[in-house]
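Work through the following exercises with the sequence and the model side by side. Each one sets a task and is followed by a solution that goes step by step.

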Amino acid sequence: MRNVSGMNSSPDRIASLDQFRGYTVLGMFVVNFVGGLQHVPSVLLHHHTYCSYADTIMPQFLLAVGFGMRLSLLRRRERDGTAAAYRHFVSRCLGLMLLGIVVYHLTGSYQKWSEIQEQSLGDFLLKTFKRHPFEALTHIAVTSLWVLPVIAAAGWVRVLFTVGSAGLHVWFSQAGYYTWNMTNPVGIDGGPLGFLTWTIPLIAGSLAHDWVVSDSRVVLRSLLAGGFLMA
């Protein structure tokens, strides 16, 4: 059974969140599978000119992360205390970051130790860490760490933090980050500073959590907020 807020009979699960996660994973499989094919409807591919279906999948992951992160942190903080709750989340984020590096691996390869020694520290970091390590899992981990100080705060605090993060990304982009990130090796999903913009869907997910667990008008509020963000 499920009530109007999307809660099921278990106090530990929210059915609508599980359903949304399942849909997002299914969308990821579709997008990743067709991405390498020659003849595919353009809406299923990534573009730089408009928001396609493929472009919606990663933000949906972060939306679900923000929802689940706030839900879990508030429960764990009440059960285990503030310090233990935050230690748990920091360790999980660092573990996810390490997993991301293992799964996506470092950029480039070296046959000899001398090839590394011949490079400056800056060139080595650029070649090795700029591109491949920063994909979905790593972005989720870094973004989660970035928002962790405010994820349990009031809604207006999270909104201001989101605006500030987006503003920082605009400033860094105008200062040369965008050009740097789009030169070889081109950054993936926003590159090393992508977490500043991935903050937006993650915090949006945390706000959706508040509406789902406390407001019977969740559908109306979500539609209005979603329309505002898209505009």
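**Exercise 1.** In this predicted model, locate Gly194 and determine whether it is buried or exposed, and which residues it touches.

*Solution.* Begin with the position along the chain: Gly194 is found in the loop between H7 and H8. Next consider its accessibility, which is 0%, and since buried means under 20% relative accessible area, Gly194 counts as buried. Then list its contacts, setting aside residues up to four places away in sequence: these are His139, Tyr177 and Asp189. For His139, which is 55 residues from Gly194 along the chain, the separation of the two C-alpha atoms is 7.1 Å.

**Exercise 2.** Describe the surroundings of Asn181 and say whether this residue is buried or exposed.

*Solution.* Asn181 belongs to helix H7. Its relative accessibility is 6%, so Asn181 is classed as buried. With neighbours within four places in sequence left aside, the residues in contact with Asn181 are Lys130, Val186, Gly187, Gly190, Gly191 and Pro192.

**Exercise 3.** Classify the ring pairs Trp171 with Phe172 and Tyr177 with Trp180, and state how accessible each partner is.

*Solution.* A pair of aromatic rings is described by the distance of the centres and the angle of the planes. Applying a limit of 6.5 Å between ring centres, one arrives at 4 aromatic pairs. In the pair of Trp171 and Phe172 the centres are 5.1 Å apart and the planes stand at 75°, and because planes over 60 degrees apart count as edge-to-face, this pair is edge-to-face. Of these two residues, Trp171 is exposed at 53% relative accessibility, while Phe172 is partly exposed at 30%.

For the rings of Tyr177 and Trp180, the centres are 5.6 Å apart and the planes are at 35°, so the pair is tilted. Both residues lie in helix H7 (residues 155-181), 3 residues apart, which is about one turn of the helix. Tyr177 has 9% relative accessibility and is therefore buried, whereas Trp180, with 35%, is partly exposed. The ring of Trp180 also has the charged end of Lys130 sitting over it, 4.3 Å from the ring centre. Elsewhere, Trp146, Phe161 and Phe195 form one aromatic cluster.

**Exercise 4.** Describe the largest nonpolar core: how many residues does it have, and which helix gives the most to it?

*Solution.* In soluble globular proteins, nonpolar side chains tend to be buried together. Here the largest nonpolar core comprises 26 residues, and those with the most contacts inside it are Met69, Leu73, Ile151 and Leu202. At least two residues of this core come from each of helix H2 (53-80), helix H3 (82-104), helix H6 (136-147) and helix H8 (195-214). H2 gives the most, with 8 residues. To see one of these positions in detail, take Leu73, which touches Ala85, Tyr86, Phe89, Leu148, Ile151 and Ala152 when residues up to four places away in sequence are not counted.

**Exercise 5.** State how many disulfides the structure holds, and compare the accessibility of Cys51 and Cys93.

*Solution.* A disulfide is a covalent bond between the sulfur atoms of two cysteines. With a limit of 2.5 Å between cysteine sulfur atoms, the structure holds 0 disulfides. As for accessibility, Cys51 is exposed, with a relative accessible area of 59%, whereas Cys93 is buried, with 7%.

How values were computed
Residues numbered from 1 in each chain as written. Predicted model: local features only at pLDDT ≥ 70, side-chain atom pairs only at ≥ 80, totals over all residues. Heavy atoms only, no water. Phe/Tyr/Trp six-rings, centres within 6.5 Å; stacked < 30°, edge-to-face > 60°. Buried < 20%, exposed > 50% of the residue type's maximum accessible area, 1.4 Å probe, protein only. Helix = DSSP H or I, 4+ residues; strand = E, 2+ residues; numbered from the N terminus. Lys NZ or Arg CZ within 6 Å of the ring centre and 35° of its normal. Core = buried A, V, L, I, M, F, W, Y, C linked by side-chain atoms within 4.5 Å. Contact = heavy atoms within 4.5 Å.
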